[in-house]
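Trainee: I would like to learn how to read a structure of this kind, feature by feature. Where should we begin?

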2 protein chains.
Amino acid sequence: MIQEAHPALAPERRDRIRILVREEGVTRVEDLRKNLNVSVATIRRDLEILEEEGKVKRVHGGAVSMESRLEESVFDDKTNQASKQKKRIAEDAYSLVGHEESVFLDGGSTTLFMARLLQQRTDVTVVTNSLRAVQELSDSGPRVIFTGGELRRISQTMVGPLSSAVLEQIRVDKAFMGTMGFCLKNGISTTDPNEAYVKRQIAEHASQVILLADSSKAEKVSFARVSDWDQVDILISDHDLPKDFVKTLRKRGIKVRLL
Amino acid sequence: MIQEAHPALAPERRDRIRILVREEGVTRVEDLRKNLNVSVATIRRDLEILEEEGKVKRVHGGAVSMESRLEESVFDDKTNQASKQKKRIAEDAYSLVGHEESVFLDGGSTTLFMARLLQQRTDVTVVTNSLRAVQELSDSGPRVIFTGGELRRISQTMVGPLSSAVLEQIRVDKAFMGTMGFCLKNGISTTDPNEAYVKRQIAEHASQVILLADSSKAEKVSFARVSDWDQVDILISDHDLPKDFVKTLRKRGIKVRLL
DNA sequence: ATCAAAATCAATCTAAATCGATCAAAATGA
DNA sequence: TCATTTTGATCGATTTAGATTGATTTTGAT
């Protein structure tokens, strides 16, 4: 086996693959092989792992990124474990929506599943800054209030100061929020400061804040800080969440629902 | 089997097909084949899959897009004379959009054609309260500012007091407005008072108001009054507009462009 | 309306690319 | 050193794409 001077460590290589795939949208195995100077077998093994992690979707000849953009496939991908988890969380969250309540729906795939469930309801009011959520509800369903603002294409959400203009004028019973990461020490965080700002503002205008996040987001910290745990009333996650993590949160008075 | 240097991955190719079909409204198999450099058999197989996914509808000789629900009614209908007229008007209106300008796009099918044209531009800012326009521009294109508000399902626009909260904070160089009816005596009118209110507000915040309306709307009066003619700077319509109608408007200082 | 020619389609088959499983070689860490 | 993990190579199995052929649909002329 011939190795180059600086053989990348496995996780490092996988991260490079993930980024390459994300940047291209889709990438073929052969291109990755040439790029990383390893055998196709290695690439395949890496892709297999990345698929389990929900980062990419494997297709014949290569892989499609599941991060950002083209992930219209979140719905299609029924086999994906991560996707199933999100769906379960969304269903549980939906069960919390009471009669004639008003709710806020954040961007992200978990809340998108919720939007789909809310299609059946006509007694509630849904406030959202997620373009996809609005699309789900644009034919029929509840009353829909959309926060305006500037379109952030990567997340398909509306952000920025103009969103605030609308948000300042409303209150909701329950805010269902997604997140990119949450940890005990630093609270909740996401990638974009503008989005973080919108989330923070919503949290302030909601009677109850419900965080939807599968365990893969645990102990991860993103660039933009959203809020501390004292803003959160309920966390809905899954059983892979570390026990002491759950314990600590409950001690702080946060209801934790594990699915 | 002969392969070229960079054969597109199957999902990538299908996505390109989906987009090509969406952009054209309807596309023939043969055109897709030439575009993508694959055999017709492959195109057919792809269309079969896209049809299962509900993205396109297959017809003899090609496929029709099922996305952007408007295709069904408006884009589809290439033979429809009214539709052609609207497209011409939209193209003329688009030619008025200068470099780095900010424009407002109203709801309605004519402005939707404009949205489609604006997809290519990245130097402008588009403000709109039309959900469909945002959908057109959600993948790529100019900066998009969406007015928030309550979703009015029938027109797929955002209306109500919350829209105002955003509109009050912005100004545009040009506002492109559709209408349900316009007549010399009563000015411009539309069906819904909420929408009329939004239009009025936009007109006040635009340096130039450009009315897009084919001649079928002439001398029609709808329920909700939008504004008088003195608000309008340019009218783009077609040659079927009565001559004295044009004359009177020009006398009042309104530029009239007939196509 | 009817028919025939042309175009398009669906089904089948073949070749090529890709994949998954397995095993051997290499690297890693105790 | 030896055990463990990681990587690379091989080979039969699977998937995909292109070509062919007969069936179906559309078109245009009567």
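Mentor: Begin with burial. A residue is called buried when its relative accessible area is under 20%, exposed when over 50%, and partly exposed in between. Keep in mind that this is a predicted model.

Trainee: Is Thr27(B) buried or exposed?

Mentor: Thr27(B) has a relative accessible area of 10%, so it is buried, the limit being under 20%. Thr27(B) sits in strand β1 (residues 26–28) of chain B.

Trainee: Which residues is Thr27(B) in contact with, leaving aside its neighbours within four places in sequence?

Mentor: The contacts of Thr27(B) are Leu20(B), Val21(B), Leu32(B), Gly61(B), Gly62(B) and Ala63(B). One of these, Gly61(B), appears again among the residues that come nearest to DNA strand C.

Trainee: How does the middle class look, for instance at Glu12(A)?

Mentor: Glu12(A) has a relative accessible area of 44%, which lies between the two limits, so Glu12(A) is partly exposed. Glu12(A) belongs to helix α1 (residues 10–24) of chain A. Sequence separation and distance in space can be read together here: Glu12(A) and Glu101(A) are 89 residues apart along the chain, and their C-alpha atoms are 47 Å apart.

Trainee: Next, the backbone. What is the phi of Asn37(A)?

Mentor: Phi of Asn37(A) is near 60°, a positive value in a residue other than glycine. Asn37(A) is in the loop between α2 (29–36) and α3 of chain A. Its relative accessibility is 55%, and Asn37(A) therefore counts as exposed, the limit being over 50%.

Trainee: Where in chain B does Glu100(B) lie?

Mentor: Glu100(B) is part of the loop between α5 (81–94) and β4 (102–105) of chain B. Glu100(B) is not a glycine, yet has a positive phi of about 60°. With a relative accessibility of 60%, Glu100(B) counts as exposed.

Trainee: Now the DNA. Which residues come nearest to DNA strand C?

Mentor: For a strand, read the nearby residues, then the part of the strand they face, then individual atom pairs. Around DNA strand C there are 19 residues, and Arg44(A), Arg58(A), Gly61(A), Arg58(B) and Gly61(B) come nearest. Of the atoms of DNA strand C that come within 4 Å of the protein, sugar and phosphate account for 91%.

Trainee: What are the polar contacts on DNA strand C?

Mentor: Among them is one from Arg28(A), where a side-chain N or O atom is 2.7 Å from a phosphate oxygen of DNA strand C. Val59(B) takes part through its backbone, with a polar atom 3.4 Å from a phosphate oxygen of this strand. His60(B) has a polar side-chain atom 3.4 Å from a sugar or linking oxygen. By element, β2 (56–59) of chain A and β2 (56–59) of chain B each supply at least two residues of the surface near DNA strand C. By class, that surface has six nonpolar, seven polar and six charged residues.

Trainee: And how many residues are around DNA strand D?

Mentor: There are 15 residues around DNA strand D, and those that come nearest are Arg13(A), Thr42(A), Arg45(A), Thr42(B) and Arg45(B). Sugar or phosphate makes up 71% of the atoms of DNA strand D within 4 Å of the protein, and the rest belong to bases.

Trainee: Which atom of DNA strand D lies 2.7 Å from a polar side-chain atom of Arg45(A)?

Mentor: That atom is a base nitrogen. The side chain of Arg13(A) instead has an N or O atom 2.7 Å from a phosphate oxygen of DNA strand D, and for the side chain of Thr42(A) the distance to a phosphate oxygen is 2.4 Å. Helix α3 (40–52) of chain A, together with α1 (10–24) and α3 (40–52) of chain B, each supply at least two residues of this surface.

Trainee: Last, how many cavities of 30 Å³ or more does a search of the whole structure find?

Mentor: Three. The largest has a volume of about 70 Å³, and residues lining it include Met177(A), Ile188(A), Lys199(A) and Val232(A). Its lining has seven nonpolar, three polar and one charged residues. The second largest holds about 60 Å³, with Met177(B), Ile188(B) and Val232(B) among its lining residues. In that lining there are seven nonpolar, three polar and no charged residues.

Notes: Residues numbered from 1 in each chain as written. Chains lettered and ligands numbered in written order. Predicted model: local features only at pLDDT ≥ 70, side-chain atom pairs only at ≥ 80, totals over all residues. Heavy atoms only, no water. Helix = DSSP H or I, 4+ residues; strand = E, 2+ residues; numbered from the N terminus. Buried < 20%, exposed > 50% of the residue type's maximum accessible area, 1.4 Å probe, protein only. 1 Å grid on protein atoms, 1.4 Å probe; cavity = no way out; pocket = protein on both sides within 12 Å on 5 of 7 lines; lining within 4 Å. Points joined across faces, edges and corners; volume = space filled by probe spheres on them. Nonpolar A, V, L, I, M, F, W, Y, C, P; charged D, E, K, R; others polar. Near = heavy atom within 4 Å. Polar contact = N/O pair within 3.5 Å; in protein donor to acceptor, adjacent residues only side chain to side chain. Contact = heavy atoms within 4.5 Å.
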